[in-house]
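This report walks through a single protein model. Look at the sequence and the fold first, then read on.

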Amino acid sequence: MKIFCSRANPTTGSVEWLEEDEHYDYHQEIARSSYADMLHDKDRNVKYYQGIRAAVSRVKDRGQKALVLDIGTGTGLLSMMAVTAGADFCYAIEVFKPMADAAVKIVEKNGFSDKIKVINKHSTEVTVGPEGDMPCRANILVTELFDTELIGEGALPSYEHAHRHLVEENCEAVPHRATVYAQLVESGRMWSWNKLFPIHVQTSLGEQVIVPPVDVESCPGAPSVCDIQLNQVSPADFTVLSDVLPMFSIDFSKQVSSSAACHSRRFEPLTSGRAQVVLSWWDIEMDPEGKIKCTMAPFWAHSDPEEMQWRDHWMQCVYFLPQEEPVVQGSALYLVAHHDDYCVWYSLQRTSPEKNERVRQMRPVCDCQAHLLWNRPRFGEINDQDRTDRYVQALRTVLKPDSVCLCVSDGSLLSVLAHHLGVEQVFTVESSAASHKLLRKIFKANHLEDKINIIEKRPELLTNEDLQGRKVSLLLGEPFFTTSLLPWHNLYFWCAGNSKMCLLFLLPRFPVSWRAGVDGAAPSSQDLWRIRSPCGDCEGFDVHIMDDMIKRALDFRESREAEPHPLWEYPCRSLSEPWQILTFDFQQPVPLQPLCAEGTVELRRPGQSHAAVLWMEYHLTPECTLSTGLLEPADPEGGCCWNPHCKQAVYFFSPAPDPRALLGGPRTVSYAVEFHPDTGDIIMEFRHADTPD
């Protein structure tokens, strides 16, 4: 059976309907899940096991049967831990049917079918009673419903319902308690992910400054948390303004409320500065005494930094205050954590929230359009003055006083740069109402509303009337498009420039991004390999069935496709020198057939290569290049400096190599790659690796 799935074609900008296998969504869900990462999280698994043993023991010591409710069982791991610890019976709830089916097989494989019942329902649909899913309420509640923000996966409503309908009053709970921590900092780097800074443009007439509109400056920003590997942010990139503050705790053994609430902590700033960002994380205590603790604290707040567990399914949070606030060392303030049933946000108050009726209760929402159009890396990219200077340098080499420019990108400020550099006329094409509205506000704030023409239309639909009968002499593109997930998806710029729009150009035309290449490197990742590596045995339980399930999903298609990852967050060493895979000349027509390339790469540095990384390099001029990947050559040991504003394309080797097998000496890896212009996909296969004699 086949089904039709819609998707945005990144290189044409159109929405297409594709015929897919009926299991397509299931395979994608499994292939891109974090199950492998969780199973490799030794600290998490050991702490849960210890907490479950202690909870079962406390129930048994009271002379009761240990009846366990496991919500979100996944592989059934925690239920199997409970039975091994002495639980009399477990009810394992899993709403995702393929995962529930796998849990049944894993439970059977490990010999626990008589003690564990897998229930394929959402926990709020589970019934209790003689004819129900559970004959009686459980007295031990085991869950793993947490995300980086703690409550973002609906933990509060699930706990609230479970206590009301599925477990006994004052039941044992694993984890027993969670505590959310926060630390106030000043950070120009992180603040640049949320606010538009003034942009300086050096022209022949002196410096011009692009200023943000007032409503963009005053906008509180996007309502979602920014979750990152905070350990990879250099301490030099922020100034600590407060101690680590415990903001609020949740006792999971008692009735939990999902109602909105706020929690405040009084503190005295450690130093004077500008309060901009709140760094936050949580820990969970598996027992009432708090002796068994699993923490997400970054290295500077961790009790034992040398023994920190790497994990990607739980990271740390960055929250942006609605506006930056000046703080003075020693002058007391109140940091307020607000939450509803799914989200957390923060505010800074000068007086006690109990005395301040204006404490923000509503979740911050973007009302300026910018945070809807630009994600956080995009804000950082636009605020990167060095990047702006490179574009200005490139534009100077091709612009003439009589140039007529057309900018094709989403929400790009290249049109403003071109205007300030003195061209005759500038048009910019914005295909979405949001980008059109935002740019109009930016132009108005800079008194350019009559100087730059905005056209709200898809580029390939432009007509001579849209361009007021003018012939375009210069096509500009960063390129950046909001629909792009992988580096080469921005080749929509090329496709648009080669569509029937070509009739509107003077020939020859010289786009700024006149040539681009897909480059690659073979890194050895310190930790990222865990998200794809088979687990096999987890705390003494056989989970090969889960490994096989993930492998089948990957073999369906995903093993030949790339995953976008911000590699600046994931330490790795490059085992090879970068190599060029494909080259695109934007002055030539888009090819009608796939572009193919194959070759071999020599791995010159010792180590286990887990993946290949691809990125784009844009040659703005023969002397000026912008990279979406490596910003500079790897150091002698293979250390990499990745572009922090872009995600790189990672092709994990399948099957995943044994991370313990460190290879030495030169080796070669053969590859074959295909770029499909009609879909915007790059398919890559690694055929073999060998060690020379």
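Which side chain meets that of aspartate 283 in a salt bridge? The partner is lysine 293, at 3.9 Å from N to O. The model is predicted, and every value here is computed from it.

## Salt bridges

Aspartate 283 sits in strand β15, and lysine 293 sits in strand β16 (residues 293-295). The pair therefore ties together parts that are 10 residues apart in sequence. The two ends differ in setting. Aspartate 283 counts as buried, at 3% relative accessibility. Lysine 293 counts as partly exposed, at 34%.

A search of the whole structure finds 31 salt bridges. Three of them are set out below.

| Basic residue | Acidic residue | N to O distance |
|---|---|---|
| Arginine 164 | Glutamate 160 | 3.6 Å |
| Lysine 293 | Aspartate 283 | 3.9 Å |
| Lysine 457 | Aspartate 466 | 2.8 Å |

Arginine 164 and glutamate 160 share a helix, α6. They are 4 residues apart, about one turn of that helix. Glutamate 160 counts as buried because its relative accessibility is 13%, and the cut-off for buried is under 20%. Lysine 457 is partly exposed, with a relative accessible area of 26%.

Salt bridges also form a network. It links Asp41, Asp43, Lys47 and Arg311.

## Nonpolar cores

How many residues does the largest nonpolar core have? It has 123 residues. Leu69, Phe146 and Tyr346 have the most contacts inside it. Strand β15 (residues 273-285) gives the most to this core, with 7 residues. Strand β15 is also the strand that holds aspartate 283.

Phenylalanine 146 deserves a closer look. Leaving aside residues up to four places away in sequence, Phe146 touches Tyr48, Glu153, Ala155, Tyr159, Pro175, Phe252, Trp282, Ile284 and Trp314.

Another core lies apart from the largest one. This other core has 85 residues, among them Ile442, Leu476, Phe480 and Ala522.

## A parallel sheet

In what order do the strands of the open four-stranded sheet run? The order is β22-β21-β20-β23, and the pairing is parallel. Strands β22 and β23 are the edges, as each pairs on one side only. Neighbouring strands are turned by 20 degrees against each other on average, with direction ignored.

Strand β20 (residues 404-408) pairs with β23 in the parallel sense, over 3 bridges. Cysteine 405 stands opposite leucine 474, which is in β23.

Helix α13 packs on this sheet. Helix α13 touches β21 (425-429) and β22. The direction of α13 makes about 165 degrees with that of β22.

## Backbone exceptions

Most residues other than glycine have a negative phi, and most peptide bonds are trans. Some sites here depart from those habits.

Two cis bonds come before prolines. The peptide bond from valine 174 to proline 175 is cis, with omega near 0 degrees. Proline 175 is in the loop between β7 (167-174) and β8 (177-186). Proline 175 is also one of the residues that phenylalanine 146 touches. The second cis bond joins glutamate 478 and proline 479, with omega about -10 degrees. Proline 479 lies in the loop between β23 (474-476) and α14 (492-497). Strand β23 is an edge of the parallel sheet.

Positive phi appears at leucine 150, near 80 degrees. Leucine 150 is in the loop between β6 (138-143) and α6 (155-165). Is this leucine buried or exposed? Leucine 150 counts as buried, at 1% relative accessibility.

Histidine 447 has a positive phi too, near 60 degrees. The loop holding histidine 447 runs between α13 (433-445) and β22 (452-455). Histidine 447 is exposed, with a relative accessible area of 62%.

## Cysteines

How many disulfides does a search of the whole structure find? The count is 0. A disulfide is a covalent bond between the sulfur atoms of two cysteines. The settings of two cysteines can be given. Cysteine 343 is buried, with a relative accessible area of 16%. Cysteine 596 is exposed, with 54%.

Terms used. Residues are numbered from 1 along each chain as its sequence is written. This is a predicted model: local features need pLDDT of at least 70, side-chain atom pairs count only at pLDDT 80 or more; totals for chains, interfaces and linings use all residues. Side-chain values use heavy atoms; hydrogens and water are left out. Helices (H or I, at least four residues) and strands (E, at least two) are DSSP runs, numbered from the N terminus. Buried means under 20% relative accessible area, exposed over 50%, partly exposed in between (1.4 Å probe, protein chains only). A nonpolar core is a set of buried Ala, Val, Leu, Ile, Met, Phe, Trp, Tyr and Cys residues joined through side-chain atoms within 4.5 Å. Contact means heavy atoms within 4.5 Å. Two strands pair if DSSP finds at least two bridges between them. Axes are lines fitted to C-alpha atoms, for helices over the stretch in contact, and angles run from 0 to 180 degrees between N-to-C directions. A salt bridge is a side-chain nitrogen of Lys or Arg within 4 Å of a carboxyl oxygen of Asp or Glu. A disulfide is a pair of cysteine sulfur atoms within 2.5 Å.
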